[in-house]
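Please take a careful look at the sequence and the structure shown here, and then follow the paragraphs below as they move from one part to the next.

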Amino acid sequence: MDIIYRPLDQGTIDNPHSIYDRLRIEAPVFWHDQTKSWVLSRYQDCRFVLGNHELFARDQRRVGRQLPSSQVNMQIQDPPYLSELRIRLSDAFKRQDVQGLIMAARGRLEASLQRRPAQIPFDFMSEVAADVALNLSLRLIGAAGYPPTNYHGIFEGMARQMDSSIDPSRRRDGVAAASELRSLMHAWFAIPSNEGVIGAIKDGMPNQESSSDYIVNTMCGVFNACYSTLYAMTGSVFHVMLENRHLIESLGSEISTDAAVEEVIRYISPAQGSSRYAVAPFEFENTKIRRGDAIIVLFAAANWDPSIFTAPAKLAFERSPNPHLGFGWGTHFCIGASFASRWVREVLSFLQLNYKALSLAGIPTYMNMATLRCLSALPLIVNR
Ligand code: HEM
């Protein structure tokens, strides 16, 4: 039977792994007419593409496509062009008091849950995760004193735009959201302070350069990647762990928490995929890919490839090695990976102490999004 892959259909949103499994087995190099892209779902193929930027470009200008200069940022470039800012950004991250930031976010999470009246269901995503993720992201970049009024709306617009090759009507939401975020970022860059990642980036850079479109656009991408993945991951870790209570108790004593962090990231894979462009003709398993063809690399499908991960649908904290692609691979490997892992570790530690006081109070639902896998609602209840 022909494979029909509709990433935004409710069935796929509810359970993407059902179609990912079919793709991996029946059509590992699948032409997806809706997005006019090749979809790769096997681990080795995904890793090969991500690790080979000479053959597979992130920057579509390398295959002759146009990109307005207002959209150029580090995230769409390939080496050697992205290297200078990537190094600068990595240094800026290293200069932050990560432990202090994470502990403050944990305090916020604790306080927020303590305030909840017992036995009354609430939505963890909108009432807790959004606030904790936003505050942590603002502190990290150095804009804690200047919170936006409706960042969640901007996040939704940006996340919807990531799916605009599937549903072109989503591009409009993205353009408006990106423009709002750029205005915010310009305002944050104008704060006379040397705090956070923005402060560290500005340090030693002439004003004109630090407020250039390139730097501001890149920081918009950093901020949104930070908020969206912390928000999605905080919700999903709560959800998955409250459904796997027996695993929480094994943490620390029998099981290393670092291994558990890697495993929840593999298992959840909030970043489901990314795209690249073939710079030269290439043949994958007898399928000819032409120069310029777009390729979607499905991290989430690769992370459940049974040829690499035994019993991939099982959340196995003892899994080792765990070479997952949850943070990507190669030149665009997630720049916030160590920060995000530190946060996930803290969420697990919080749950280890508090899970008995928390229960699911309804059926969680997912946002209608394909690139980012994120809960839209997680009903919980506090039992005291
Ligand atoms: C669990 C949380 C996170 C996950 C699962 C995640 C996942 C990913 C993945 C898969 C990529 C590679 C995209 C590609 O190859 O096209 C990526 C890149 C990136 N991530 Fe993350 N991320 C997380 C947290 C964060 C955080 C907290 C930040 C910022 C503080 C961040 C900033 C970035 C940036 C800026 C890039 C682009 C790097 C580049 O293009 O060179 N991420 N992330």
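In this predicted model, a good place to begin is a contact between two helices, where Tyr151, His152, Phe155 and Met158 of helix 7 meet Phe223, Asn224, Tyr227, Ser228 and Tyr231 of helix 11. Sorted by character, the residues of this contact comprise 6 nonpolar and 3 polar ones, with no charged residue among them.

How are the two helices placed relative to each other? In general, a pair of packed helices is described by the angle between the axes and by the distance that separates them. Here helix 7 (residues 151-161) and helix 11 (residues 213-243) pack at an angle of about 95 degrees, and their axes are 11 Å apart. Because angles of 65 to 115 degrees count as roughly perpendicular, helix 7 is roughly perpendicular to helix 11.

Helix 11 also leads into the interior, for the largest nonpolar core has 93 residues, of which Phe124, Met185, Trp188, Val237, Phe238 and Met241 touch the most other members. Helix 11 gives the most to this core, contributing 17 residues. If residues up to four places away in sequence are left out, Val237 touches Val264, Ile268, Val344, Val347, Leu348 and Leu351. Another core, of 17 residues, lies apart from the largest one and includes Leu50, Ile295, Val297 and Ala302.

The last stop is the ligand, whose iron atom has a single donor from the protein, namely the SG atom of Cys334, at 2.3 Å. Cys334 itself is found in the loop that runs between helix 14 (299-302) and helix 15 (337-354).

Terms used. Residues numbered from 1 in each chain as written. Predicted model: local features only at pLDDT ≥ 70, side-chain atom pairs only at ≥ 80, totals over all residues. Heavy atoms only, no water. Donors = N, O, S within 2.8 Å, 3.2 Å for Na, K, Ca; no water. Helix = DSSP H or I, 4+ residues; strand = E, 2+ residues; numbered from the N terminus. Axes fitted to C-alpha atoms, helices over the stretch in contact; angles between N-to-C directions. Parallel < 35°, antiparallel > 145°, perpendicular 65-115°, else oblique. Contact = heavy atoms within 4.5 Å. Nonpolar A, V, L, I, M, F, W, Y, C, P; charged D, E, K, R; others polar. Core = buried A, V, L, I, M, F, W, Y, C linked by side-chain atoms within 4.5 Å. Buried < 20%, exposed > 50% of the residue type's maximum accessible area, 1.4 Å probe, protein only.
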